[in-house]
Amino acid sequence: MALVDLIAEALTFTFIQRALVVGTLIALCCAFLGCFLVLRKLSMIGDGLAHVSFATVALALLLAASPLLVSIPLVTLASFAILSLSERTQMHGDAAIGLVSSFAIAVGVLIASLAQGFNVDLMSFLFGSILVISHADVLISLALAAVILGTVVLFYNQLFAVTYDEDFARVSGLNTRLITYLTAMLTAMTIALGIRVVGTMLISSLIVFPTVTALQVAKGFKSTIAVASVISVTCVVLGVFASYVYNLPTGATIVLLNAAMFLVLAGLRKLGAIGG
Amino acid sequence: MTTLLTVTDLELKYGRQEVLSGVSFVVERGDYIGIAGPNGSGKTSLLKALLGLLPPARGRIQFADHAGNRSVGYLPQKTMQSDPLFPATVKEVVMTGLLASKREPRWFASEDSARADAVLARLGVAALSGKKVGNLSGGQQQRVMLARAMASSPQLLILDEPTSALDPRIRDEFYELLDELNKRDGVTIMLVSHDIGSIGKYTKKLMYLDNSLVFFGTYDEFCGSEAMTTYFGSTSQHLFCWRHGHGAC
């Protein structure tokens, strides 16, 4: 069968349609937030919280509850724990992330070994599986993405000011602490949103890759977000189709496409063909 | 002369460490004050207190009626963006200088964009508007940071070591620009600098700190002060005041 026919066939499946909708939403949220996280040197918070979501998914499976609904509040709490650990104990941010994420992995492993029965299910959350996206997941994802994207647009000026120069933002009367907690909360929500399609092990790469790739070409901050969004959505859509056509794991395919995109644009920049 | 700012019996501490005590002074509108003193003498701490970043342990900082903290423009010490990859255009950075005067949710209107363009034009860097900040030279970046500080038309401009990273020619140009802002646009300026020669040449008043207020007044007063001769010795005193060989003292 020709490639076009295979893609047309793929589009007739409900699970592919859902994967494309949810995947595009995740791609947009990751690109929007990634720019603020990467440039504030908070990329690792995404990685740490993804590890936390491993524990929250295990807990949800144990309780037979929705992984998304259990993860959102718990991962958000973990993000606040990381920030307040580094604030109160003057611990370095990366150490706080290390503590919280390894603690969560340990809890997750304990829960998984206690329950014993859901090893296959847990694998699908570790590395993502588009076969298991329910109709309710699609609706929750739509609502979540609307909140995340809406909040970024609403607070864009303040998020940018804090990212560029936190001290200056504070002098300007901005509540920089509130903005930092807001960023962490939105990150937690994005990670919870992403565990279905790309999985807890790979979600943080969706936050980092598109932004770092966009940095190779963009001059301004808004254009970086725009370029990162295009790259991110393109990789997710191509990844979903490629995983169907070639029978590959979706999350890993999306991440590899992102890596390829980065190598190409970084190479072009090195050669002086692009870049500001 | 009208009063812009009154500081009364100010004491500043970092934890238990006292950095400044018993400081009282009045800043008049149109003043151009050079703040000097040895390392650790409390210069930057004083600026932080004026900016509301360091709460006073004792004493008061009072701005005149219309000048709250919001009408203070600030050019921080470390302004060179260390990350040349940071994606921000000159215009985007200058616009953040307007956030102080905005109410929540701090959105921009079209007149804000025009205001940023006007400030860039005023400082002679209108052509840089769409450029990436990380690609500019040190002198250009410093003008952009000044434009950000000036964006909300502050009554008081506070600068912390603004020229320490600039080469001498660019440094003189920068001082001349500040001089013009002070004389022509009537902006009140307080500037911390180690560059004793330059602040003596350009600023109108000297504030010398050494964990307390050693001197505050015009250079003529400084030059003629016997107390300062005793404190500094005559050579240093007249090195600071920039009057000798320039026909003033």
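The legends below describe close-up views of a predicted model, moving from chain B as a whole to its sheet, two of its strands, one helix residue and the contact with chain A. Because the model is predicted, local features need pLDDT of at least 70 and side-chain atom pairs count only at pLDDT 80 or more, while totals for chains, interfaces and linings use all residues. Residues are numbered from 1 along each chain as its sequence is written, and chains are lettered from A and ligands numbered from 1 in the order in which they are written.

**View 1. Overall build of chain B.** Chain B holds nine helices and nine strands, where helices (H or I, at least four residues) and strands (E, at least two) are DSSP runs numbered from the N terminus. Its C-alpha atoms fill a box of roughly 55 × 40 × 35 Å along the principal axes. The radius of gyration, taken over C-alpha atoms, is 19 Å, which agrees with the value near 18 Å for a compact globule of 249 residues, the rule being 2.2 Å times the number of residues to the power 0.38. Of the 249 residues, 40% are buried, a residue being buried if 20 or more other C-beta atoms, placed from the backbone, lie within 10 Å of its own. Among contacts between residues at least 6 apart in sequence, 69% join residues at least 24 apart; two residues are in contact if their C-beta atoms, placed from the backbone, lie within 7 Å.

**View 2. The six-stranded sheet of chain B and two helices packed on it.** The open sheet follows the order β5-β6-β7-β3-β8-β9 with mixed pairing, and two strands pair if DSSP finds at least two bridges between them. Strands β5 (72-75) and β9 (213-218) stand at the edges with a single partner strand each, so one side of each is left without a neighbour in the sheet. Neighbouring strands are turned by 15° against each other on average, direction ignored. Helix α1 (residues 43-51) packs on the sheet, touching β3, β5, β6, β7 and β8, and its direction makes about 145° with that of β6(B). Helix α4 (residues 138-150) also packs on the sheet, touching β5 and β6, at about 160° to the direction of β5(B). Axes are lines fitted to C-alpha atoms, for helices over the stretch in contact, and angles run from 0 to 180 degrees between N-to-C directions.

**View 3. Strands β3 and β8 of chain B with their partners.** Strand β3 (residues 32-36) runs parallel to β7 (residues 188-192), joined by four bridges, and Gly34(B) has Leu191(B) as its bridge partner in β7(B). Four bridges also join β3(B) to β8(B), again in parallel, with Ala36(B) partnered by Tyr208(B). Five of the five residues of β8(B) are buried, so this strand is largely enclosed by the rest of the structure: Lys205(B), Met207(B) and Leu209(B) point one way, and Leu206(B) and Tyr208(B) the other. Strands β8(B) and β9(B) pair in the antiparallel sense over five bridges, and Tyr208(B) has Phe215(B) as its bridge partner in β9(B). These two strands form a hairpin with three residues between them, where Asn211(B) in the turn has a positive phi of about 65°.

**View 4. Gln142(B) in helix α4.** Gln142(B) lies in helix α4 of chain B and counts as buried because it has 24 C-beta neighbours inside 10 Å.

**View 5. The contact between chains A and B.** The contact takes 22 residues from chain A and 21 residues from chain B. On the side of chain A that touches chain B, α8 (156-164), α9 (166-171) and α12 (221-245) each supply at least two residues, and α8(A) gives the most, with five residues.

Note on methods
Buried ≥ 20, exposed ≤ 12 C-beta atoms within 10 Å, placed from the backbone.
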